[in-house]
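I opened this notebook to keep a record of what I looked up in the structure, entry by entry. The sequence and the coordinates come before my notes.

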Amino acid sequence: MQRRPVALFVACYLGLLALTVSAQPPAEDALGEAALLASTCSGCHGKEPDSAIASLHGRSAAEIADAFLSYKNDTDGPSAMHRMAWGYTEEQIRRIADYLAGQ
């Protein structure tokens with residue numbers, strides 16, 4: 001009688017472990033992660049030029065990354081871009097820039 005609860009516990013534990021492992025994106029899915037990170041940008045930065053918000057269409061990865069890093073490094077900046085940039089690592093910013101430049 002003792003074996004049944006133990007077997008049930010082990011089965012539940014292994015099932016939860018399998019769900020946890022399958023929910024994590026594979027390490028080689030860097031482009032998918034970059035696309036996800038960059039999805040926030042398209043809310044304001046469209047392909048069409050706008051007088052208020054710069055379009056990122058046609059810009060190089062270096063140009064995008066440099067501008068984004070400027071916002072991140074300006075600790076007194078008051079804009080929404082400053083606040084958003086502070087939340088990303090430099091590596092994430094470079095991946096976002098690479099992705100957006102390739103669009």
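**Entry 1: salt bridges**

How many salt bridges does the structure hold? I began here, keeping in mind that the model is a predicted one, and I found that the structure holds two salt bridges.

I took Glu-33 and Arg-95 to begin with, whose closest N and O atoms lie 3.3 Å apart in a salt bridge. This pair links distant parts of the chain, since Glu-33 sits in helix H2 and Arg-95 in helix H5 (residues 90-101), with their positions 62 residues apart in sequence. I then looked up the accessibility of Glu-33, and I noted it as partly exposed because its relative accessibility is 37%, which falls between the 20% and 50% limits.

I then turned to Glu-63 and Arg-59, whose side chains meet in a salt bridge with an N to O distance of 3.5 Å. Glu-63 has a relative accessibility of 39% and therefore counts as partly exposed, and Arg-59, at 31%, counts as partly exposed too. I placed Glu-63 in helix H3. I also looked up how Glu-63 stands to Ala-101, and the two are 38 residues apart in sequence, with their C-alpha atoms 9.1 Å apart in space.

**Entry 2: the overall fold**

Which secondary structure elements does the protein have? I counted five helices and zero strands, and the order of the elements from the N terminus on is α-α-α-α-α. The protein has 103 residues, and I recorded 19% of them as buried. For the contacts with a separation of 6 or more, I noted that 52% are accounted for by residues 24 or more positions apart. The protein exposes about 7700 Å², and carbon and sulfur atoms supply 61% of that area.

**Entry 3: Leu-37**

I went back to helix H2 (residues 30-38), where Leu-37 is found. Is Leu-37 buried or exposed? I entered Leu-37 as buried because its relative accessibility is 15%, against a limit of under 20% for that class. When residues up to four places away in sequence are not counted, Leu-37 touches Tyr-88, Gln-92 and Ile-96. For one of these partners, Tyr-88, I also looked up the spacing from Leu-37, which is 51 residues in sequence and 9.2 Å in space from C-alpha to C-alpha.

**Entry 4: His-82**

I looked at His-82 next, which lies in helix H4. With a relative accessible area of 7%, His-82 is buried, so I set out to list what surrounds it, and, leaving aside neighbours within four places in sequence, I found His-82 in contact with Tyr-71, Asp-74 and Gly-77. Of these partners I followed up Tyr-71, which is eleven residues from His-82 along the chain, and the C-alpha atoms of the two are separated by 4.8 Å.

**Entry 5: the largest pocket**

What lines the largest pocket? I found a lining of 16 residues, of which His-45, Leu-56, Phe-68, Tyr-71 and Met-81 lie nearest the centre of the pocket. I recorded about 330 Å³ of space in the largest pocket. Helix H3 (61-73) and helix H4 (80-85) each supply at least two residues of this lining, and H3 gives the most to it, with five residues. Sorting the lining by class, I obtained twelve nonpolar, two polar and two charged residues. Tyr-71 thus appears in my notes both as a contact of His-82 and as one of the residues nearest the centre of the largest pocket.

**Entry 6: the second largest pocket**

I closed with the second largest pocket, in which about 200 Å³ of space lies. Which residues line the second largest pocket? The lining includes Ala-38, Ser-39, Cys-41 and Ser-42, as well as Lys-47, His-57, Tyr-99 and Gln-103. By class, I entered five nonpolar, six polar and one charged residues for this lining. His-45 and Leu-56, which I had listed among the residues nearest the centre of the largest pocket, also line the second largest pocket.

How values were computed:
Residues are numbered from 1 along each chain as its sequence is written. This is a predicted model: local features need pLDDT of at least 70, side-chain atom pairs count only at pLDDT 80 or more; totals for chains, interfaces and linings use all residues. Side-chain values use heavy atoms; hydrogens and water are left out. Helices (H or I, at least four residues) and strands (E, at least two) are DSSP runs, numbered from the N terminus. Buried means under 20% relative accessible area, exposed over 50%, partly exposed in between (1.4 Å probe, protein chains only). Contact means heavy atoms within 4.5 Å. Accessible areas come from the Shrake-Rupley method with a 1.4 Å probe; for residues, only the protein chains shown count as cover. A salt bridge is a side-chain nitrogen of Lys or Arg within 4 Å of a carboxyl oxygen of Asp or Glu. On a 1 Å grid over the protein atoms alone, a cavity is a set of points where a 1.4 Å probe fits but cannot get out, and a pocket is an open set with protein on both sides within 12 Å along at least five of seven lines; lining residues have an atom within 4 Å of a point. Grid points are joined across faces, edges and corners, and a volume is the space filled by probe spheres set on the points. Ala, Val, Leu, Ile, Met, Phe, Trp, Tyr, Cys and Pro count as nonpolar, Asp, Glu, Lys and Arg as charged, and the others, Gly among them, as polar.
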